[in-house]
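I open these notes to record what I looked up, taking one part of the structure at a time.

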There are 2 protein chains.
Amino acid sequence: MNLTTLIKQIGTKKTLLSVGIDPVLDRIPGKVRSGKHPLYDFGREIVDATEKFAIAYKINTAFFEAYGSQGWAQMERLADYIKSKYPDMLLIADAKRSDVSHSSKMYARAFFRQMPFDAVTINPYLGKDAVMPFLEYENKWVIILGLTSNPSAWDIQLIQEIDTRDYVFEKVFKYGAWWGTPEQVMFVAGATFAYKLQQIRHIVPDHFLLVPGVGVQGGDLSEVCFFGLNKNYGLIINSSRSIIYASEGDDFAEAAANKAHEMQQQMAKEIENFKKSQRRRI
Amino acid sequence: MNLTTLIKQIGTKKTLLSVGIDPVLDRIPGKVRSGKHPLYDFGREIVDATEKFAIAYKINTAFFEAYGSQGWAQMERLADYIKSKYPDMLLIADAKRSDVSHSSKMYARAFFRQMPFDAVTINPYLGKDAVMPFLEYENKWVIILGLTSNPSAWDIQLIQEIDTRDYVFEKVFKYGAWWGTPEQVMFVAGATFAYKLQQIRHIVPDHFLLVPGVGVQGGDLSEVCFFGLNKNYGLIINSSRSIIYASEGDDFAEAAANKAHEMQQQMAKEIENFKKSQRRRI
């Protein structure tokens, strides 16, 4: 999948939504849970119910690995299902991988060749070596963890450098933009630090940002859009639990669709507002 | 597995060797490659041939994921084989995982409950949240990436903090020692920065260090031991390719055994020298 298709999808569907698929067996309704492939079946139903309102699905590998090779097989099957039925959907492996180059090459093979993912999240602690093997694949992205949304993100990411006064996360955005173009590299930028998106946009005006941590509040979403949108939209906003567990009953797919629809409508408004403000500037 | 057993194993076997299992299908001899479970069979033969000379096996998840759920299933089987046949062997998943806490919890389940690993390598970029869920398991370790052995390790790890003048990797060692005791936490410290081990030993005098990147040269090994050994040995020195691909012919297991034996003998000498120097100090 390429950048033009992604931008076109956002424009047509008027949504920035990525649905995060983090299935926990205990929270899957009994009807689906008792089947032979509960993670796959649950994911498939979520995807079919929400695809009109989303431009991306983010599969979190942790939630499949926890169920062993059976879990991994269901992840493979789900990835195949999504890309064959919805080829223009951005399919993200939230794997947070990173290793020295000869190992990183094997991860790239796992997610881009063995499975049909369009993008993989990558941890920058090992530097450039961990990222480069992924960039050898055309029309695929690495999504580098810049600023994460968790409480202890500051432990390392907010260390300030002596020479440049840059924070570590700022260095990561600078490096990432140097390692790859917006057609190759995106960044994770947590919504819990929405005010920092302005700072981040100065460093990477053109790259897409994957924003996790947006809750159900329109407030946060507005703030993220205000600071994060750019001329190519430039934002993918992920929501996992508030969509996939909108109901834990047998109506889970319908409830997920409703929640995704609601978020899509908020996003459509934000996009419209942004466009208006851009027109005013001209 | 607990710290006492690990220390006892090193003392009895007079070795610090971890054998890294990074199987690439193209490099596995035809006899094994043509079987139904080539990664597992290759790993099993390597383990049986080298177990006298090693106290740990490090399985790199990248090399199994590259072959999909079939690869993952072979990793599960290999892990089960090693821990059931050699229960006192430290079994490390070199997975370099890290995520926000509810996802990290699922990774911990994957490696510690679903599979019988004793230790998992963890990337510190997300801070404490990524580490804590692993510490809930008794007699298991997280091995935090401190200073890695790859050329671009300096991108992030050698950023110097404005307030403390600490480098990022030093902060990671400080944090790690605060998050967990030597019975819970170890660190990766690359051999390509052997002279930095002295600095690291000041921060973490008691924690075990997993040292990758030691080549075939006795020189490096001596340097690592000189700076890294402590009263409980405190070092696990990993070698992957130089052992498992010592021969790529049908004699690969025998060649691996010879190489592992050679390294074990060098290590035994280093341990002996260290003990002598300790006695002199008293």
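**Around helix 7 of chain A**

I began with what covers the buried residues of helix 7 of chain A, and the list includes helix 6 (101-114), strand 4, strand 5 and helix 9 of chain A together with helix 8 of chain B. I note at once that this is a predicted model, and I read every entry below with that in mind.

I then checked how far the covering goes: helix 7 of chain A is mostly covered, with 6 of its 8 residues buried. The buried ones are Lys128(A), Asp129(A), Ala130(A), Val131(A), Pro133(A) and Phe134(A).

Next I traced the chain on either side of the helix, and found that strand 4 of chain A, helix 7 (residues 128-135) of chain A and strand 5 of chain A form a right-handed β-α-β unit.

**Strand 5 of chain A and its neighbours**

Is strand 5 of chain A enclosed or open? I found 7 of the 7 residues of strand 5 (residues 141-147) of chain A buried, so the strand is largely enclosed by the rest of the structure.

I looked up the pairing on both sides of this strand. Strand 4 (residues 119-122) of chain A runs parallel to strand 5 of chain A and is joined to it by 4 bridges; within this pairing, Val120(A) has Val142(A) of strand 5 as its bridge partner. Towards strand 6 (residues 185-189) of chain A, I noted 5 bridges from strand 5 of chain A, again with the two strands parallel, and here Leu147(A) stands opposite Ala189(A) of strand 6.

I followed the sheet one step further, where strand 6 of chain A and strand 7 (residues 209-211) of chain A run parallel and are joined by 2 bridges. Val188(A) has Leu210(A), in strand 7 of chain A, as its bridge partner.

I also looked at what lies over these strands: helix 9 (residues 168-179) of chain A lies across strand 5 and strand 6 of chain A, and runs at about 160° to strand 5 of chain A.

How many strands make up the closed barrel of chain A, and in what order do they run? I recorded 8 strands in the order 1-2-3-4-5-6-7-8, with parallel pairing. The twist from one strand to the next averages 30°.

**The barrel of chain B**

I turned to chain B, where 8 strands close into a barrel in the order 1-2-3-4-5-6-7-8 with parallel pairing. Neighbouring strands of this sheet are turned by 30° against each other on average, direction ignored.

I went through part of the barrel strand by strand. Strand 1 (residues 17-21) of chain B runs parallel to strand 2 (residues 56-60) of chain B, with 4 bridges joining them, and Gly20(B) stands opposite Lys58(B) of strand 2. Strand 2 of chain B pairs in turn with strand 3 of chain B, in the parallel sense and over 5 bridges, where Lys58(B) has Ile92(B) as its bridge partner.

Strand 3 of chain B is joined to strand 4 (residues 119-122) of chain B by 3 bridges, and these two strands run parallel; Ile92(B) stands opposite Ala119(B) of strand 4. Between them the chain crosses from strand 3 through helix 6 of chain B to strand 4, and this β-α-β crossover is right-handed.

Which residues of strand 3 of chain B point one way, and which the other? I listed Leu90(B), Ile92(B), Asp94(B) and Lys96(B) on one side and Leu91(B), Ala93(B), Ala95(B) and Arg97(B) on the other, all of them buried. This agrees with the count for strand 3 (residues 90-97) of chain B, in which 8 of 8 residues are buried.

**The contact between the chains**

I then looked up the contact, which takes 48 residues from chain B and 48 residues from chain A. On the chain B side, helix 4 (62-65), helix 5 (68-85), helix 6 (101-114), helix 7 (128-135), helix 8 (154-157) and helix 9 (168-179) each supply at least two residues. Helix 6 of chain B gives the largest share of that side, 7 residues. By class, the side of chain B that touches chain A has 23 nonpolar, 15 polar and 10 charged residues.

Last, I checked how the copies are related: a rotation of 180° with 0.0 Å of shift along its axis superposes chain B on chain A, with an RMSD of 0.0 Å. That is the relation of a two-fold axis. Of the residues of chain B, Ile162(B) comes closest to the rotation axis, at 2.0 Å for its C-alpha. The same surface serves both copies, as 100% of the contact residues of chain B recur in chain A.

Technical notes. Residues numbered from 1 in each chain as written. Chains lettered and ligands numbered in written order. Predicted model: local features only at pLDDT ≥ 70, side-chain atom pairs only at ≥ 80, totals over all residues. Contact = placed C-beta atoms within 7 Å. Nonpolar A, V, L, I, M, F, W, Y, C, P; charged D, E, K, R; others polar. Buried ≥ 20, exposed ≤ 12 C-beta atoms within 10 Å, placed from the backbone. Pairing = 2+ DSSP bridges. Right-handed = clockwise from strand over helix to strand, strands pointing away. Axes fitted to C-alpha atoms, helices over the stretch in contact; angles between N-to-C directions. Least-squares fit on C-alpha atoms with pLDDT ≥ 70 in both.
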